[in-house]
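Here is a short tour for a newcomer. Take a look at the sequence and the structure first.

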Protein chains: 2
Amino acid sequence: MVDELLQNHPEQIEFIVIIEKYKDLKTIENLFVATDKEFQELSTLSTPDGILAVCKIQQTQLDLNSAKKIVLLNNISDPGNLGTIIRTANWFNVDYLLLTKNSVDCFNPKVVQASMGSLFRLPVIFIDDIEQLMQKLKNDNFTTIGLSLNGNPNPSLQTPEKLVLIFGSESHGIPNQIESQIDCLYKIPGNPQVESLNLSISAGIAMHQFFK
Amino acid sequence: MVDELLQNHPEQIEFIVIIEKYKDLKTIENLFVATDKEFQELSTLSTPDGILAVCKIQQTQLDLNSAKKIVLLNNISDPGNLGTIIRTANWFNVDYLLLTKNSVDCFNPKVVQASMGSLFRLPVIFIDDIEQLMQKLKNDNFTTIGLSLNGNPNPSLQTPEKLVLIFGSESHGIPNQIESQIDCLYKIPGNPQVESLNLSISAGIAMHQFFK
């Protein structure tokens, strides 16, 4: 991830810390060398690789006019799921990932790690008021599809030009008051013996179905 | 998961351990009550729920004649990925999940947890010799599709009646000598800036595409 940052987003890097083993990287600006013990204390990983970057958090404005593909996550709590969804959304060329304020922080170290660099490429924006946002999306001609166990496994839907995919929390799904404002509720067809799919798997399947 | 075992697979349970708080479950056979401290020592979770079951491992014979949907995993190493793939395969009514012997153990506690009960419903079988298996699958009229970054994003393939989906390791994919024996290599189309998808996400998308 640090390598990719250096190549593609060097302007985001504040400084880099390495262990002595990587001293040949010393041509990089703003580089600090730490002992293994110091590095262990700095890193959030239990078995760190010996290189870390401290980066600026980018602020992005939401421009609904030019956007075509949006993912909206309501109150999701698992950092591994969020990181994986960011990586997958970036794979499917999503323009924005929107996140309600009560969700896990997208700069949580586990999210950053699971996103595999996609957090630096895909704008993630926190949303204060999801009901207001839903209204804005409609005004901007977005079609909304929500993943729900109450949904239709065979929605008769032409893939629209401007589309938002909405996913709810791991344990409670999308709240009723939001569900009622969504254009189409979709359920991935499957074995009724199995209670549900993992959230990031459902999100991956829905993105492939509607954004490919 | 214990609740589901009791309802659907009671014959697999050897015994159950609970903490004193759940004493009202005492009508269950082969039940032991533990103190919180004892339970903490018994459980593999850091914050256990207070109920655990010790179960028999089921032995299943592979019957290629009656099977139609098979997932084959070669040398996968992450227990969370394996558990999630077992859950997803069960959702898509897969008949067998085959696992090469050098993969992570399917009874690893993290696999059991991530499978969310699907490990008790979907037969998982370890494979000694993958090349011999590939030959057997061909003799039994299976079509093989392998997920590969060298694959075709638009394979022109009628969905066959008997199909095996093959996935390689998180870091190295499918080895060349296996890839050369696969009928069709498939790549999920996406943003070239993103190096890859998470393995369990790729597996979920491919299962939805070919097994739905």
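The report below goes from the whole model to its parts.

## Ground rules

This is a predicted model: local features need pLDDT of at least 70, side-chain atom pairs count only at pLDDT 80 or more, and totals for chains, interfaces and linings use all residues. Residues are numbered from 1 along each chain as its sequence is written, while chains are lettered from A and ligands numbered from 1 in the order in which they are written.

## Chain A in outline

Chain A holds 7 helices and 9 strands. Helices (H or I, at least four residues) and strands (E, at least two) are DSSP runs, numbered from the N terminus. The C-alpha atoms of chain A fill a box of roughly 60 × 40 × 30 Å, taken along the principal axes. Of its 212 residues, 37% count as buried. A residue is buried if 20 or more other C-beta atoms lie within 10 Å of its own, exposed if 12 or fewer, and partly exposed in between; C-beta atoms are placed from the backbone.

The domain assignment splits off domain 1 (2-55) and domain 2 (69-211). Such bounds come from an automatic or database domain assignment. The C-alpha centres of the two domains of chain A lie 33 Å apart. Contacts in chain A often link distant parts of the sequence: among those between residues at least 6 apart, 74% join residues at least 24 apart. Two residues are in contact if their C-beta atoms, placed from the backbone, lie within 7 Å.

## How the two chains meet

23 residues of chain B are in contact with 23 residues of chain A. On the chain B side, α3 (79-91) and α7 (199-211) each supply at least two of these residues. That side divides into 8 nonpolar, 12 polar and 3 charged residues. Here Ala, Val, Leu, Ile, Met, Phe, Trp, Tyr, Cys and Pro count as nonpolar, Asp, Glu, Lys and Arg as charged, and the others, Gly among them, as polar.

A rotation of 180° with 0.0 Å of shift along its axis superposes chain B on chain A, with an RMSD of 0.0 Å. The two copies are thus related as by a two-fold rotation axis. The superposition is by least squares on the C-alpha atoms of residues with pLDDT of at least 70 in both. 100% of the interface residues of chain B are also interface residues in chain A, so the copies meet through the same surface.

## Two covered helices

Start with α3(A). Its 13 residues (79-91) should span 18 Å at 1.5 Å a residue, and the end C-alpha atoms are 18 Å apart, which agrees. The expected span is 1.5 Å times one less than the number of residues. 12 of the 13 residues of α3(A) are buried, including A:Leu82, A:Ile86 and A:Trp91. The buried residues pack against β4 (69-73), β5 (96-100), α4 (109-115), β6 (124-127) and α7 (199-211) of chain A, together with α7 of chain B.

Now α7(A). Its 13 residues reach 17 Å from first C-alpha to last, close to the 18 Å expected. 12 of the 13 are buried, so α7(A) is largely enclosed by the rest of the structure. Among them are A:Ile201, A:Met207 and A:Phe211.

## The nonpolar cores

Which residues have the most contacts inside the largest nonpolar core? They are A:Leu97, A:Leu165, B:Leu97 and B:Leu165, in a core of 97 residues. A nonpolar core is a set of buried Ala, Val, Leu, Ile, Met, Phe, Trp, Tyr and Cys residues joined through C-beta atoms within 7 Å. Not counting residues up to four places away in sequence, A:Leu97 touches A:Val71, A:Ile86, A:Ala89, A:Leu122 and A:Val124. A second, separate core of 6 residues includes A:Ile16, A:Val17, A:Ile19 and A:Phe39.

## Loop residues to look up

Most residues other than glycine have a negative phi. A:Asn75 has a positive phi of about 65° although it is not a glycine. A:Asn75 lies in the loop between β4 and α3 of chain A and counts as buried, with 21 C-beta neighbours inside 10 Å. B:Asn93 also has a positive phi, about 55°. B:Asn93 sits in the loop between α3 and β5 of chain B. Is B:Asn93 buried or partly exposed? B:Asn93 is partly exposed, with 16 other C-beta atoms within 10 Å.

B:Ser118 belongs to the loop between α4 and β6 of chain B. B:Ser118 is buried, with 27 other C-beta atoms within 10 Å. Leaving aside neighbours within four places in sequence, B:Ser118 is in contact with A:Val194, B:Ile86, B:Arg87 and B:Asn90.
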